[in-house]
Amino acid sequence: MKERLVAFAAGALLAAAPAGSAEAPKKTPELLEKGRASFERNCSACHGDKGAGDGIAAAALSPRPRNFATERFKNGSKPAQIFETLKKGVPGSAMVPFTNLPEEERWALAYWVAELKGPGDAKKK
């Protein structure tokens, strides 16, 4: 009986939990522009204007912000993986979750950051 109650409670919690992220929107020039603008507002202070990890706040952070062009992405460099990083943040770093941004803006930002990565990074993952 106890096992049934636990299973029912777990199922109820899963059913009540918010659904996962909607499907990724199609990458368009407009979405990339939205991502670029969001990157300037939300990311460049740490990651720098071009994503080189050299923003004005970078020197004060430990660990330093990632250089998107030359360093491996901690959680993957595909837009969906970057989106998840934006959603969850990176524990032990200054990279906080960006859940304050609407989902579409986080997707735009994920696509923009993917554009900043160097050509060899995807092969390393």
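**Exercise 1. Describe the largest pocket of this predicted model by its volume, its lining and the helices that contribute to it.**

Solution. The volume comes first: in this predicted model, the largest pocket has a volume of about 520 Å³.

The next step is the lining, which consists of 27 residues; those that lie nearest the centre of the pocket are His-47, Arg-66, Phe-68, Val-90 and Met-95.

Sorting the lining by class then gives 17 nonpolar, seven polar and three charged residues.

Turning to the helices, at least two lining residues are supplied by each of H2 (29-42), H3 (44-47) and H4 (79-88), and the largest share, three residues, comes from H4.

**Exercise 2. Work out how H4 is oriented relative to H5, and identify the residues through which the two helices make contact.**

Solution. Begin with the axes: those of H4 and of H5, the helix spanning residues 103-116, come within 8 Å and cross at roughly 125°.

An angle between 115 and 145 degrees falls outside the ranges for roughly perpendicular and roughly antiparallel, and H4 and H5 are therefore oblique to each other. The handedness completes the geometry, the crossing of H4 and H5 being right-handed.

The contact itself is made on the H4 side by Pro-79, Ala-80, Ile-82, Phe-83, Leu-86 and Lys-87, and on the H5 side by Glu-103, Arg-106, Trp-107, Leu-109, Ala-110, Tyr-111, Val-113 and Ala-114.

Classifying these residues as a last step, one finds eleven nonpolar and three charged residues in the contact of H4 with H5, and no polar ones.

Methods. Residues are numbered from 1 along each chain as its sequence is written. This is a predicted model: local features need pLDDT of at least 70, side-chain atom pairs count only at pLDDT 80 or more; totals for chains, interfaces and linings use all residues. Side-chain values use heavy atoms; hydrogens and water are left out. On a 1 Å grid over the protein atoms alone, a cavity is a set of points where a 1.4 Å probe fits but cannot get out, and a pocket is an open set with protein on both sides within 12 Å along at least five of seven lines; lining residues have an atom within 4 Å of a point. Grid points are joined across faces, edges and corners, and a volume is the space filled by probe spheres set on the points. Helices (H or I, at least four residues) and strands (E, at least two) are DSSP runs, numbered from the N terminus. Ala, Val, Leu, Ile, Met, Phe, Trp, Tyr, Cys and Pro count as nonpolar, Asp, Glu, Lys and Arg as charged, and the others, Gly among them, as polar. Axes are lines fitted to C-alpha atoms, for helices over the stretch in contact, and angles run from 0 to 180 degrees between N-to-C directions. Angles under 35 degrees count as roughly parallel, over 145 as roughly antiparallel, 65 to 115 as roughly perpendicular and the rest as oblique. A crossing is left-handed if the near helix is turned anticlockwise from the far one by less than a right angle, and right-handed if clockwise. Contact means heavy atoms within 4.5 Å.
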